[in-house]
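Visitor: I'd like a close look at one small part of this protein, and then a walk outward from there. Could you take me through it step by step?

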Amino acid sequence: MSINLSEMELVSPNPAQFTDVYQWRVRLDVLEELKSDVEFKVVWIGSSSSSEYDEILEECEVGPLAVGANEFVLEHNAPNWRLIPPEDLLSVTVVIIALSYRGHEFLRVGYYVNVAYDVDTLNSEPPDTISINRLARNILTAKPTLVANEIPWDNEPQDDAMQRE
């Protein structure tokens, strides 16, 4: 692997209002010179029943990255709550940050997010219509889920299956 994730830290307030901006400090250790930028995609899982409610919150490229330690802040807006089914809005969901190189995902970091009202009375007796100014989110940053994939980097041959992707 040509890149190691040494840290991903939520630096924006947590818990926070549902509509607040997210800011993540990302530290990557680049082990060899890269010919292309690293692609980031942040996805909010809007419903566990269908991927049609997944929302891309940010897509960007970062680079060129120098060999050694690289640090930057990844900032993105909150999901559009109107696109999330009302029955799925007040629940636990996931935000995924995927890192790719030359179209191949090499790392996926997932965080559980609890979405609830900021006062207990609204959680025990929710209003008929969503009160967005009272919604809060709490990202469970202590236990992210990490999935690493082997990919072809610049100096590695691609097998036939990877060339067809």
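Guide: Let's start at Pro127, which touches Tyr117 and Leu122 once residues up to four places away in sequence are set aside. This is a predicted model, so everything here is read from computed coordinates. Pro127 sits in the loop that runs between α2 (120–124) and β9. Is Pro127 buried, partly exposed or exposed? Its relative accessible area is 31%, so it counts as partly exposed. If you want a landmark for distance, take Trp81: it is 46 residues from Pro127 in sequence, and the two C-alpha atoms are 16 Å apart.

Follow the chain out of that loop and you reach strand β9, residues 135–139. Here the picture changes: four of the five residues of β9 are buried, so the strand is largely enclosed by the rest of the structure. What does β9 pair with? One partner is β8 (residues 104–117), antiparallel, over five bridges. Within that pairing, Val113 has Ile139 of β9 as its bridge partner. Another partner is β2 (residues 16–17), also antiparallel, over two bridges. There, Ala16 stands opposite Arg137 of β9.

Ile139 also leads us to Trp24. Not counting neighbours within four places in sequence, Trp24 is in contact with Ile139 and with a list of others, including Met8, Leu10, Val11, Phe72, Leu74, Val95, Ile97 and Tyr111. The list is not purely nonpolar, by the way: Glu9 and His76 are on it too.

That brings us to the largest nonpolar core, which has 38 residues. Trp24 is one of the members that touch the most other members, along with Val38, Phe40, Trp44, Ile97, Leu99 and Phe106. Two or more residues each come from β1 (3–10), β3 (22–30), β4 (38–44), β5 (55–62), β6 (68–76), β7 (92–101), β8 and β9. The largest share, seven residues, is from β8. As background, nonpolar side chains tend to be buried together in soluble globular proteins.

A few backbone oddities are worth a click while you're in the loops. Asn14 and Pro15 are joined by a cis peptide bond, with omega about -5°, and Pro15 lies in the loop between β1 and β2. Gly63 to Pro64 is cis as well, with omega near 0°; you'll find Pro64 in the loop between β5 and β6. Then there's Arg102, in the loop between β7 and β8. It isn't a glycine, yet its phi is positive, about 55°. Arg102 counts as partly exposed, at 45% relative accessibility.

Now zoom out. The protein has three helices and 10 strands, and from the N terminus the order is β-β-β-β-β-β-α-β-β-α-β-β-α. Its C-alpha atoms fill a box of roughly 60 × 30 × 25 Å along the principal axes. Of its 165 residues, 38% are buried. Among contacts between residues at least 6 apart in sequence, 65% join residues at least 24 apart. The accessible surface is about 9400 Å², with 46% of it belonging to carbon and sulfur atoms. As for charge, there are 11 positive and 29 negative side chains, and the centres of the two sets lie 2 Å apart.

Note on methods
Residues numbered from 1 in each chain as written. Predicted model: local features only at pLDDT ≥ 70, side-chain atom pairs only at ≥ 80, totals over all residues. Heavy atoms only, no water. Buried < 20%, exposed > 50% of the residue type's maximum accessible area, 1.4 Å probe, protein only. Pairing = 2+ DSSP bridges. Contact = heavy atoms within 4.5 Å. Areas by Shrake-Rupley, 256 points an atom, 1.4 Å probe, with all protein chains shown as cover. Lys, Arg positive; Asp, Glu negative; His and termini not counted. Charge placed at Lys NZ, Arg CZ, Asp CG, Glu CD. Core = buried A, V, L, I, M, F, W, Y, C linked by side-chain atoms within 4.5 Å.
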